[in-house]
Amino acid sequence: ETDVESYDLNSRKGGGLFKRLTTKSVLYDGMIIQSKDGALWQRIITDGYVYPEYIGWIESTGNDKAFLTKLFTIAGSLGLNISFSAENRFTIIGITNIDRRIKKIDAKGAKFVFDTDGKVRNGGFTYTQTTGGHFENFDISYTDALRDYNVSGVKGESCGFWFESVNGVTVKNNKLNVTNAHGILVRMKNKAELDCVECYIADNVIDVHRLNPNDAKQGILFDVEDSQTTAMDAYWQANKTVYESSKARHRNHVVIRNIITGCRYGVCIYYGEDCIVEYNKVTDCIRGYVQQNKCRRNKFRFNEVYEFKSAAFLLNYNTTQSIIEYNYGRSTVVNGQAPLHISVQGEDNICRFNTFDIESPEGAAWWMYCGIACSNNTFYKNVFRGKVKRAAVMVESAWTNNEDAIGSYGSQKSGSTYIIKPTWGVGNTSGTVVQDNE
């Protein structure tokens, strides 16, 4: 071993101890270097981490995407993890990929600010096609310039973190402050038909700034790469069945103790089974917690949701065997759907021991809703306080759109026109149990 800190080649690369290599190797800036006599030297790593200073990091006022890409590539190539520090601050233009060979990054509070050059309108980190991966203590934000550029109407899908075709990824203790973007997206590839399993998403603080109230930007989203999953209403209307994207499923994910603000949906799962969502807090949303498209056996418990405008918990499009229990919600702005809302082929779901305080002037449309084509769902010992517009409980087999059916989901107007067509919402609902609710 020899100390080469004084070498000009290494003067801005963190110093440290290097050992001489006896075999040929590719040079990696700051990690495997060549001295003036032609010898190769490899940095001695004792803790398993690469630090940005090792490869020449100096804070700049420009775009740091190229530097981060190099850092990720070097760490992945050498089988090392990465550690930043709270003093590190990076400005990045464009979505940046994390090398899938990296298994852990501890950002230690480092700041990653995504910006635009007037052409790029997306931001965030991607990590794809791998098993494992641990990401913690990132501070991710978007600049006002990127926010303003996104509002111009051209859609681009951005995220704080975007994971695709992954298993066993851990995402915890991160701060994500994003605009017109999902906080955390976990996506399955449609055609691959490979399950996405056992991701652990915990203790993140996610603030999603939607520039339009109807922007479909979620706090934490598990979905599949298929545009049809976001057009389920039209598919049901045409086919009277729930669309099957692929045989792949999101399985055994855990979403726990996250704080989410300003999104369309707080936590949303498509095609998910045996997932646990608990002890999360969602504020200022359209819907709090959503399951759609053949979800089954998921457990949502001990969660909180505040200032929701529609359903606090939505179980939609053939969600089955899920348990919604011991949750709490309060809203001064709700005026749509039911706090507990099961619709379109929901089967064998249980909603129990939940409490809701509805403090809006209009009130919720219903306390509990079940229909259409639903079977064997149970509402047990839930507590509701406040105002309801249509009916405390609504169970129906058809969405009826006329003045005589003001309790029906179908009795909704946009101006003088009914939104729901009679031929859309028809399907027998049976076996609903409503017991000991207050």
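**Burial and overall make-up**

I looked up burial first: 54% of the 438 residues of the protein count as buried. The model is a predicted one, and I read every entry below with that in mind. For secondary structure I find three helices and 44 strands. I then checked the contacts with a separation of 6 or more, and residues 24 or more positions apart account for 68% of them. The exposed area of the protein comes to about 18,200 Å², of which carbon and sulfur atoms supply 47%.

**Helix α1**

I examined helix α1, which runs over residues 65-78 and has 14 residues. From its first C-alpha to its last, α1 reaches 20 Å, close to the 20 Å expected at 1.5 Å a residue. The buried residues I noted in α1 are F67, L68, L71, F72, I74, A75 and G76. Just after α1, I find G79 with a positive phi of about 70°.

**Two strand positions**

I located F18 in strand β2, residues 17-20. F18 is buried, at a relative accessible area of 0%. I also took its distance to L40: the two are 22 residues apart in sequence and 9.4 Å apart in space, C-alpha to C-alpha.

T378 sits in strand β39, residues 378-380. Leaving aside residues up to four places away in sequence, I find T378 touching N349, I350, C351 and V433. Between T378 and E347 the C-alpha to C-alpha distance is 9.5 Å, with their positions 31 residues apart in sequence.

**Cysteines**

I searched for disulfides and found zero in the structure. Why does C275 form no bond with C295? The sulfur of C275 is 7.5 Å from that of C295, its closest cysteine sulfur, and this is too far for a bond. A disulfide would need the two sulfur atoms within 2.5 Å. For C285, the closest cysteine sulfur is in C263, at 5.6 Å, which is again too far for a bond. I recorded both C275 and C285 as buried, C275 at 2% relative accessible area and C285 at 0%.

**Salt bridges**

My search of the whole structure gives 14 salt bridges. One of them joins the side chains of R187 and D223, at 2.8 Å, N to O. This pair links distant parts of the chain, with R187 in strand β17 (residues 182-188) and D223 in strand β21 (residues 220-224), 36 residues apart. Is R187 buried or exposed? R187 is buried at 9% relative accessible area, and D223 is buried at 6%.

I next followed R297. The side chains of R297 and E273 meet in a salt bridge of 3.6 Å, N to O. R297 lies in the loop between β29 (287-292) and β30 (299-301) and E273 in strand β26 (residues 272-273), so this pair ties together parts 24 residues apart in sequence. The side chains of R297 and D274 also meet in a salt bridge, at 2.8 Å, N to O. Here D274 is in the loop between β26 and β27, and the pair is 23 residues apart. Salt bridges that share partners join E273, D274, R296 and R297 into one network. I noted E273 as buried at 7%, whereas D274 is partly exposed at 27% and R297 is partly exposed at 30%.

**Surface patch**

Last, I looked at a nonpolar surface patch of about 310 Å², made by Y279, F302 and Y326. Y279 is placed in the loop between β27 (276-278) and β28 (281-285). Y279 is partly exposed, with 44% relative accessible area. Patch membership requires over 30% relative accessible area, so Y279 at 44% passes that cut-off.

Note on methods:
Residues are numbered from 1 along each chain as its sequence is written. This is a predicted model: local features need pLDDT of at least 70, side-chain atom pairs count only at pLDDT 80 or more; totals for chains, interfaces and linings use all residues. Side-chain values use heavy atoms; hydrogens and water are left out. Patches are made of residues with over 30% relative accessible area and no salt bridge: like charges are joined within 9 Å, nonpolar side chains (Val, Leu, Ile, Met, Phe, Trp, Tyr) within 5 Å. Accessible areas come from the Shrake-Rupley method with a 1.4 Å probe; for residues, only the protein chains shown count as cover. A salt bridge is a side-chain nitrogen of Lys or Arg within 4 Å of a carboxyl oxygen of Asp or Glu. Helices (H or I, at least four residues) and strands (E, at least two) are DSSP runs, numbered from the N terminus. Buried means under 20% relative accessible area, exposed over 50%, partly exposed in between (1.4 Å probe, protein chains only). Contact means heavy atoms within 4.5 Å. The expected span of a helix is 1.5 Å times one less than its number of residues.
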